[in-house]
Amino acid sequence: MKYSVLMSVYKNDSPQFLALALESIYDKQTRKPDEIVVVFDGPLTDELNNVLNDFYVGKEDVVFYYPQEINRGLGEALRIGSEKCTGDYILRMDSDDISDPERFEKQIKYVEEHPEIDALGTDIAEFQESENEENKRVRVCPAEHDDIVKMGKKRNPMNHVTACIKRTALQKCGGYKTLLLLEDYYLWLNMIAAGCKLANINESLVYVRVGNGFDSKRGSKKRIEGWKVLQDFMLEHKMITKHEARMNMIYIWGFVNTPVKLKKFLYEKILRK
């Protein structure tokens, strides 16, 4: 089996955070990936290019960069990158998060022992300044496929940055599609509709940075438009009823319009553990 890592980098990303993210997916991994594919989503700053150039040295047979002339958004960048990946499985990674040193070893062991699983995620631990800080928020997702499908009717049932996806299954469901802020949720629904099997490991194997406006970003009105697309898709594939779709739209409208301070409270007390 061959394993690829897929990442997208954008001009507004932090060079410091990118360096830590890259270090976490290769130098510090107990099981190193066979291939790392990085899509440059439009022109990058000199500082980001310097980080990427430094990371490339000594890994010329492993690291592959695909610069794009213009910014097209995460969904399109991941579509391009996934088509460049040659691994049997694609491990997702964001440019400002940190993978646990044993992440790839544990996920690879799982998918090799459960070849019927098409996409495997894990829990995430959200941090402000350092992945070593105490009292990190944890986003827990269901472990079993049926429970993932059930949660998917109302909320995103997998943590995208943790995903290990079978490349043939990604092709089977049509791959990544552009849906601003919701590309991952849309992908899981497409995979479910295509008959793919999903699972999660209930262990936080990726540390996600939330000290950079994470909560406030959940207030974008674009999220409401995206949720309407998701509801239409689930209705078309008979995943939910019209009543459930209406309730979901009421929920997202209320959540998007909730003040940031209250959102933070909801994340800390209800939506996270």
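**Reading helix H5 and its surroundings**

Guide: Val149, Gly152, Lys153, Leu189, Ile192, Met234 and Met239 together line the largest cavity. The model is predicted, so local features are taken at pLDDT of at least 70 and side-chain atom pairs only at pLDDT 80 or more, although totals for chains, interfaces and linings use all residues. Residues are numbered from 1 along each chain as its sequence is written, and side-chain values rest on heavy atoms, with hydrogens and water left out.

Visitor: What volume does the largest cavity have, and how many cavities are counted?

Guide: On a 1 Å grid over the protein atoms alone, a cavity is a set of points where a 1.4 Å probe fits but cannot get out, a pocket is an open set with protein on both sides within 12 Å along at least five of seven lines, and lining residues have an atom within 4 Å of a point. Points are joined across faces, edges and corners, and the volume is the space filled by probe spheres set on them. Here the count is 1 cavity of 30 Å³ or more, and the largest cavity has a volume of about 30 Å³. Helices H5 and H7 each supply at least two residues of its lining (helices are DSSP runs of H or I, at least four residues, and strands of E, at least two, numbered from the N terminus). By class, that lining has 5 nonpolar, 1 polar and 1 charged residues (Ala, Val, Leu, Ile, Met, Phe, Trp, Tyr, Cys and Pro are nonpolar, Asp, Glu, Lys and Arg charged, and the others, Gly among them, polar).

Visitor: Which residues of helix H5 are buried, and why do they line one face?

Guide: An α-helix has 3.6 residues a turn, so residues three or four places apart point the same way. In H5, residues 145-152, the buried ones (under 20% relative accessible area with a 1.4 Å probe, protein chains only; exposed is over 50%, partly exposed in between) are His145, Ile148, Met151 and Gly152. Seen down the helix axis, they fall within an arc of 125° (taken from the directions to the C-beta atoms), so they line one face of H5. The face turned away from that buried side carries the exposed residues Asp146 and Lys150.

Visitor: What covers the buried residues of H5, and where does Lys150 lie?

Guide: The cover, judged by contact (heavy atoms within 4.5 Å), includes strand E7 (137-139), helix H7 (183-193), strand E9 (198-209) and helix H9 (222-236). Lys150 lies in helix H5 itself and is exposed, with a relative accessible area of 61%. From C-alpha to C-alpha, Lys150 and Ile192 are 11 Å apart in space, while 42 residues separate them in sequence.

Visitor: What volume has the second largest pocket, and which residues are closest to its centre?

Guide: The second largest pocket has a volume of about 200 Å³, and of the 11 residues that line it, Lys150, Lys153, Lys154, Arg155 and Asn248 are the closest to its centre. H5 and helix H10 (242-256) are the elements giving two or more residues to this lining, with H10 giving the most, 4 residues. The lining divides into 5 nonpolar, 1 polar and 5 charged residues.

Visitor: How many disulfides are found in the whole structure?

Guide: A disulfide is a pair of cysteine sulfur atoms within 2.5 Å, and a search of the whole structure finds 0. Cys141 is in none, the nearest cysteine sulfur, that of Cys164, being 15 Å away, and Cys141 is buried at 2% relative accessibility. The sulfur of Cys173 is 5.6 Å from that of Cys196, the closest cysteine sulfur, which is too far for a bond; Cys173 is buried too, at 8% relative accessibility.
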